[in-house]
Amino acid sequence: MRFTLTTQNVLSYLAEQKICRSDDLRQDPLDSVESRLGKNFNLLVHLNSTQPPQHLLVKQESRNRSGQVMGDLGREWQLYQQLTQLPEWQILQAWLPEAIHFDADRAILILNYLLDYQDLETFYVETKQFPIEIAAMVGLSLATFHRATWQNSAFLAWFHSLPESSEPAANPAAEFYQEMSELTPELWCKVPREGIQFYRLYQRDSKLAAAIADLGRANRICCLTHHDLKFNNILLAIHPTDPIAGSGVPGLSPLVTTSPLLPPRIRLIDWEKWDWGDPSFDLGTLVAGYLKLWLKSLPLSREIEIETVLQWAGLPLDRLQPSLQALLQAYQQAFPEIGQDGNFLQRVVQQAGLVLCKSIQTRLYYQEPFDNVSIAMLQVGRTLLCQPQSSLPTLFGIVAKED
Ligand SMILES: Nc1ncnc2c1ncn2[C@@H]1O[C@H](COP(=O)(O)OP(=O)(O)O)[C@@H](O)[C@H]1O
Ligand SMILES: [Mg+2]
C-alpha cells in the first residue's frame, strides 16, 4: 500500500494520536474528510463537532515499491522545530504554517488548516489581479527568511549536524545540468513520446547548456532557501470584509501587514525541499511563476505570428510588471545586505529561466504533452539564461549595473 491513511481511517488515526478525543468522533454529520491532492496524498479534515472546531491538513508521503519514503515531510517538520530554537528566528513563526504533529514511522505531518487563507496560485488565477501590496508582502516575507539565516553560524552548525547534510548543499543549476548530461534509456518510459523532442532540442543547443553550467558555477550558498516557491506554496489571508484600496479587488485590505501589531497576511508553506542555498533561486522561482501565468495565457499556435500572439495575451506582461517590480523592491529593501552580491539580479533572471526549463521536464514526468506552452517556456527560459542583462528591463523595468 502506498499510503497509510484514507478518508475512512483518518479520524480514528487522529484519535489514536490524541489529536482529537475519541468521544469527539461520533460520526457527526458536521465532520468531513476530503482528499486534497498535491505532491502528497493530503487529507483535509473538518471536525466541526469538536469544541472548538478543528480544521486539519494531514499530509502523508508516498511510498515506493519497497515501502520507503524520501523523508521530505520529516525534513519539513525538522525545519519548523529548528526555527523555534533561537530568539532571532521567532519572527519567522508568523510567516510559517502551524505544524502540530509528525509521525516519523508513518511519514505523516499534521498542520492546522487555516480557513481564512487561500493559496496565491488560486488567487491570481481566479481574480487575474496582481495587487502590488501582495507582491510586496511576498518579497518582504521571503527576504525575512533569507536575512534571518544569512551566513548564520548557528543555523549552519545545525544544518551540518543533520545526517543527510554530508551531501553538498543545493545547486539546482548544476543538478539539472548533470541530469540532462546523463540521460538514460529509462527516460523514454517516463515521458510521453513527443517529449523526446525537448531533450533533442536541449542537446543541440550548446549555448543553453553552457549558460546552465555557468549558473551552477556562480551558485552562492549563504542562507536558508525554500526551493519550491511556487504560488501554490504561498498562502494569503483573505478577509471578506476588506476592500483593497484602489485595486477594486474585494477581500483584501491595503497593506495591513506593514503594521507590526498585525500578523503577516502571507505564509510560506510546504518547506519539504528547503536547503542551505542561493537566495536567487527562490526569487527566480517566483519570477518564473509570473512568466508561467503569462505563457499559459498566450493563444499559442504555429499558424499565428508571434507579434499577434503577444497582442492577444490574456495576461499581458505589462500587467504583471508592476507586481514583479514591487516584489523585487520589497525584497531588496528588507534584505539590504544582498546588494553586496553584485551578480544577484543577473542570477535571479537566470534562475527564472532555469525554473522554466525544469518545469518542462516536470510536465513531461506528469505525462503532459510537449506542446506549444512547453516550447514557449523553453524559448523564454533560454533567453533569460543566455541574455539575463537584456531581459532585466522586460521583467523589472530596470537595467543592471555592469560588473
Ligand atoms: N495550513 C494550511 N492552511 C490552508 N491551506 C493550506 C495549508 N497548507 C496547505 N494548504 C493548501 O493545500 C495545498 C497543498 O499543501 P502543501 O503543503 O503544499 O502540500 P504538497 O506538498 O502536497 O504540495 C496548498 O497548495 C494549499 O492550497
Ligand atoms: Mg505544495
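## A tour of two hairpins and a helix crossing

A hairpin of three residues links strand E1 to strand E2, and in this predicted model it makes a convenient place to begin. Select residues 32-37 for E1 and residues 41-47 for E2, and you will have two strands that pair in the antiparallel sense over six bridges. To follow the pairing at one position, show Ser32 together with His46, its bridge partner in E2. If you then keep only E1 on display, you are looking at a strand that lies largely in the open, because the number of buried residues among its six is zero.

Next, select residues 99-103, which form strand E4, and residues 108-112, which form strand E5; this pair is also antiparallel, and four bridges hold the record of its pairing. Within it, Phe102 of E4 stands opposite Leu109 in E5. Moving to the hairpin, where four residues lie between the strands, pick out Ala107, whose phi is positive, near 50 degrees.

For the last stop, select helix H10 (residues 206-218) and helix H14 (residues 344-365), whose axes come within 11 Å and cross at roughly 130 degrees. That angle is why H10 counts as oblique to H14, and the crossing of the two helices is left-handed. Which residues in H10 and H14 meet? On the H10 side, show Ala211, Ile212, Leu215 and Ala218, and on the H14 side show Arg347, Gln350 and Leu354. Coloured by character, the residues of this contact divide into five nonpolar, one polar and one charged.

Notes
Residues numbered from 1 in each chain as written. Chains lettered and ligands numbered in written order. Predicted model: local features only at pLDDT ≥ 70, side-chain atom pairs only at ≥ 80, totals over all residues. Axes fitted to C-alpha atoms, helices over the stretch in contact; angles between N-to-C directions. Parallel < 35°, antiparallel > 145°, perpendicular 65-115°, else oblique. Left-handed = near helix turned anticlockwise from the far one by under 90°. Contact = placed C-beta atoms within 7 Å. Nonpolar A, V, L, I, M, F, W, Y, C, P; charged D, E, K, R; others polar. Buried ≥ 20, exposed ≤ 12 C-beta atoms within 10 Å, placed from the backbone. Pairing = 2+ DSSP bridges.
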